[in-house]
Every structure is written in structure tokens, then in C-alpha cells.
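These are my notebook entries from a session spent with one protein chain. I set down what I looked up, entry by entry.

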Amino acid sequence: MGTSSFWVASTLLVCLASSGWALYSSSDDVVELTASNFDRNVIKSDEVWVVEFYAPFCGHCRNLVPEYKKAATALKGVIKVGGVNCEEEQSICSQYGVRGYPTIKIFGASKRSPVDYNGQRTAKDIAESALAEAKKKIKNVLGGGGSSSSGGGSDSGSSGKDVIELTDSNFDKLVLNSDDIWLVEFFAPWCGHCKNLAPHWDKAASELKGKVKLGALDATVHTLKAQQFGVQGYPTIKFFAGGPKDRDSAQDYDGGRTSSDIVNWALEKYTENIPAPEIVQLTSEEVFSKNCKDKPLCVLSVLPHILDCDAACRNKYINMLNKMGEKYKKKQWGWLWSEGGAQLAIENNLDIGGFGYPAMAVVNTKKMKYSLLRGSFSEDGVNEFLRDLSYGRGNTAPVKGAEIPKINTIEPWDGKDGQLPEEEDIDLSDVDLDDKDEL
């Protein structure tokens, strides 16, 4: 080859490399991944993906092409195979800590923590590693874990669906503007400690569901929130208490990094933040279901009729119950009250009323058993009764009929004293004398 021809060929190769020349075409089974489609195709999908991060000028990348295409064809319909041109998509490659070419990662059971492929660069080895990750994902699901389709912070470990993916755009709405209690992990996809934390974070999210919300924010993508909360290393975990919040509400998490450590730490915060239960009047089936169905125990008080105990008298009882609710709030019991005679069916099934009103029964709706207060309906009497139940002591009996009877729908108390029905005045002017004598 002459000097001029060599110069032309060399120049052509340099131009092709510098222009981001891709190693794969649309006719291949290797899917071209870009910043605009990566999250949608890979992170937020249910499919297992093998992704090669490459540079067109890389000799090892060009040598891999035929084997990588062969693997993509072999896995077609089973596992997705993609490629990212790091000359064109530097943001993605930086996000996943790519420092050399080619780098292959498998996005399987944990999309948050893709597995680095370090095997032989043959189609057979690549395909076998991808299938192993697919089996791991299946095992997680069959073993009681969730789907790993939600992406971001929601798809890792055994129950990743319970971790909520947070972003710059939804953080304020979901965390700061809510009354919920939150633990938020700020992570980087390439961070080894983050990968180790992921399954523990996911398991803790499932165990804390309904009490404390766990979120995850990719700090390499959503940099505004990471900067706002002073994140300088990964993972960084911040706690946000329940109720109104602002940017100064975040507290540093200082617990351990196992699921049990996270759960125990969060539950302590939860019990500190949990509000006292409301003492609700039993006015319908819906009220009973909402306040008792999913509670460990349901405390039902039956207060005297408003004509036998005026508003001040009734409020005195309710205030005492509020005090008990505050004292036992960590038990997460349901608390209801009813007026004597308003819900006769449930009074009968729980043997309430035999000792007069006020009365109290505590019901376990799952086991259909109840305990009846036989002492005084006073602060000391009720406290002793509930304290015994909280320790698993006390006599129980099966609910009659093994079910909660139909609850009457009634109007709630208006907070006023009761009024006797007005008697009608009788006009005697038009009554015959004989009739008057009878009256």
C-alpha cells in the first residue's frame, strides 16, 4: 500500500471512530441502547438484559462483535441483548461506572445492582451467565419475592416492589409533602456497598410496609436532590419523620445495614412518631371494618344512653378512652365506642350489657375471640384490663356465631345533650263535655 493510500485508510478509521461509529446495526439481534430508551427498555422492564458498554475504537470490542451477535441470536425470545456506544452515550456509561471496554453487565434479579460479567468472551459463556441470572430471578419470585419490573429502587432482592423509586421530580410530592415516615437511600449503581445493601433494603421495605416507607434515589442521575441533602458518599440514608417536612427535616440514619438493623431502627422511630388512635363511634359496617378488621385487637366501649349520661358525662368517658389510646398506641389497636342499645346484635354476641353501662369488650377479629371487662369502667380499671391483654393475659371466649353480626347504620352523635320527645298539647275546646269527663 502506498503512502497516500495508507494515509487515506488511516484517516478513514480515525474519522469513523471519532464519529461514534456503532459496532452493531439494526439488522443484528443486538438492541441499540441510548439515554432516551435505556430506562424504558432495561430498567423498567421485566426482562433480563445483557448489556455491553463499548467504544468503537476499542480493538477488544471489535473482536467481541461476532461472539456477542451469536449470543444475542441464541438468546432471542428468552433474554434481551443490548449495546451502549459509550462515545455517544457517555451519561449512561458514567452512571454505571464503566472504566474500560468492553464492559458487560447483566440486569437480572436486581436491576439496581447489575451483575458484572467477568467470564470468557464467547457466545456460549455469555449466554450461560445470562441464563443463570434469569434462573436467579425466577427463584426469587417463586421464593416469595416480588417482580423486579419497577426499576430504580423498586426491583432489587426478594421484594423490591416495596421500595419506592424516587427522582428529582417526585421527591417533594412523595416525601416532603406527605405525612408518611420515610427512609431514603441515595445510591450510585456502580457502588459496591450499595449493591450489598440492596437485598437488605428490599427486605426491610417489605417488613416495614404500612408503617415506614423506604425509597431509593439514584444520586448519579437525580443530582438536584442529592445536592440538596448534602450527599457526598454512597450509600447515604436519610430519615424523614411523619407530618409536615421541609429540606431541613432530614436526619442521618446511624443504624446497621442488615435488614433486621434497618427494621428495628425504623420501628423505634415509627413508635415515636405514631399518633394516638382516634376513638371512633361505631355507626356502620364500614366504620367497623376500617378501624378493626386489620388490627391486632379492637377495643369496643359501650357507653350509657345520652338520656342517662349527658354530653359532659359522655365526654368524660371518651376523654378517658383517649388517654388509654395514647398509652397503648404502640399496640396499634382499633378503638370504637357505641351507645348502649344502638348495636344490640354485637352487644349480644360479646355478652355486653349484663353488668350495665358503660361496658368494654376487646375483640380479636382474626381468631373471633373476645375478653370482657369485669372490673370498673374507670381509668385504673380499664388500664389494668388492657395491660393484662397487652401481656397476653386475661380470659377469652369465642364470639357467638364465630362472626361479627350485622352493624346497624346510625347517625353519629351530634355532641349535644339528649332531648326527650316533646309531648303534644291537647286542645280541649272542641271536645264534648262527656268526652272531657273521660279525659
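The entries below cover disulfides, aromatic pairs, charges over rings, the largest pocket and backbone geometry.

**Entry 1. Disulfides**

I note at the outset that this is a predicted model. I looked for bonded cysteines and arrived at a count of three disulfides. With the bonded cysteines numbered in sequence order, I read the pairing as 1-2, 3-4, 5-6.

I took the bond between cysteine 86 and cysteine 93 to begin with; their sulfur atoms are 2.0 Å apart. The torsion about this S-S bond is about -90°, so I recorded the disulfide of cysteine 86 and cysteine 93 as left-handed. I then looked up the accessibility of both partners. Cysteine 86 has 3% relative accessibility and counts as buried; cysteine 93, at 4%, also counts as buried.

I next examined cysteine 292 and cysteine 298, which are joined by a disulfide with an S to S distance of 1.8 Å. Both of these cysteines are buried.

The remaining entry on my list was the disulfide from cysteine 309 to cysteine 313, with S to S at 1.8 Å. Its torsion is about -100°, so the disulfide of cysteine 309 and cysteine 313 is left-handed. Are its two cysteines buried or partly exposed? I found cysteine 309 buried, with a relative accessible area of 3%, whereas cysteine 313 is partly exposed at 26%.

I also looked up two further cysteines. Cysteine 58 is buried with a relative accessible area of 8%, and cysteine 61 is buried with 0%.

**Entry 2. Aromatic pairs**

How many aromatic pairs does a search of the whole structure find? I recorded 19. One of them is formed by phenylalanine 38 and phenylalanine 107, which meet edge-to-face, 5.7 Å centre to centre and with 75° between the planes. Phenylalanine 38 belongs to helix α2 (residues 38-43) and phenylalanine 107 to strand β4 (residues 103-107), so this pair ties together parts that are 69 residues apart in sequence. I checked burial for both: phenylalanine 38 is buried, with a relative accessible area of 3%, and phenylalanine 107 is buried, with 0%.

I then turned to tyrosine 317 and phenylalanine 377. Their ring centres are 5.5 Å apart and their planes stand at 80°, so I entered the pair as edge-to-face. Tyrosine 317 is in helix α11 (residues 311-327), while phenylalanine 377 is in the loop between β15 (369-372) and α13 (379-390), so the pair ties together parts that are 60 residues apart in sequence. Phenylalanine 377 has 13% relative accessibility and counts as buried.

I returned to phenylalanine 38 and phenylalanine 107 to look for a cluster. Phe38 and Phe107 form one aromatic cluster together with Phe53 and Tyr96.

**Entry 3. Charges over rings**

I looked for charged ends placed over aromatic faces and noted two cases. The charged end of arginine 99 sits over the ring of tryptophan 190, at 6.0 Å from the ring's centre. Arginine 314 lies over the face of tryptophan 413, and here the distance to the ring centre is 4.8 Å.

**Entry 4. The largest pocket**

I recorded a volume of about 440 Å³ for the largest pocket. Its lining comprises 20 residues, and those nearest the centre are Ile274, Pro277, Lys295, Gln332 and Trp333. I asked which elements supply at least two residues of the lining; α10 (285-292) and β13 (334-339) each do. By class, I entered ten nonpolar, four polar and six charged residues for this lining.

**Entry 5. Backbone geometry**

As background, most residues other than glycine have a negative phi, and most peptide bonds are trans. I therefore looked up departures from both patterns.

Glutamine 332, listed above among the residues nearest the pocket centre, has a positive phi of about 60° although it is not a glycine. I placed glutamine 332 in the loop between α11 and β13, and found the residue partly exposed, with a relative accessible area of 25%. Aspartate 351 likewise has a positive phi, near 55°. Aspartate 351 is in the loop between α12 and β14 and is partly exposed at 34% relative accessibility.

Where do the prolines that follow a cis peptide bond lie? The bond from tyrosine 234 to proline 235 is cis, with omega near -10°, and proline 235 is in the loop between α8 (223-228) and β9 (236-240). The bond from tyrosine 357 to proline 358 is also cis, with omega near 5°. I located proline 358 in the loop between α12 (344-349) and β14 (359-364).

Key: Residues numbered from 1 in each chain as written. Predicted model: local features only at pLDDT ≥ 70, side-chain atom pairs only at ≥ 80, totals over all residues. Heavy atoms only, no water. Disulfide = S-S within 2.5 Å. Buried < 20%, exposed > 50% of the residue type's maximum accessible area, 1.4 Å probe, protein only. Phe/Tyr/Trp six-rings, centres within 6.5 Å; stacked < 30°, edge-to-face > 60°. Helix = DSSP H or I, 4+ residues; strand = E, 2+ residues; numbered from the N terminus. Lys NZ or Arg CZ within 6 Å of the ring centre and 35° of its normal. 1 Å grid on protein atoms, 1.4 Å probe; cavity = no way out; pocket = protein on both sides within 12 Å on 5 of 7 lines; lining within 4 Å. Points joined across faces, edges and corners; volume = space filled by probe spheres on them. Nonpolar A, V, L, I, M, F, W, Y, C, P; charged D, E, K, R; others polar.
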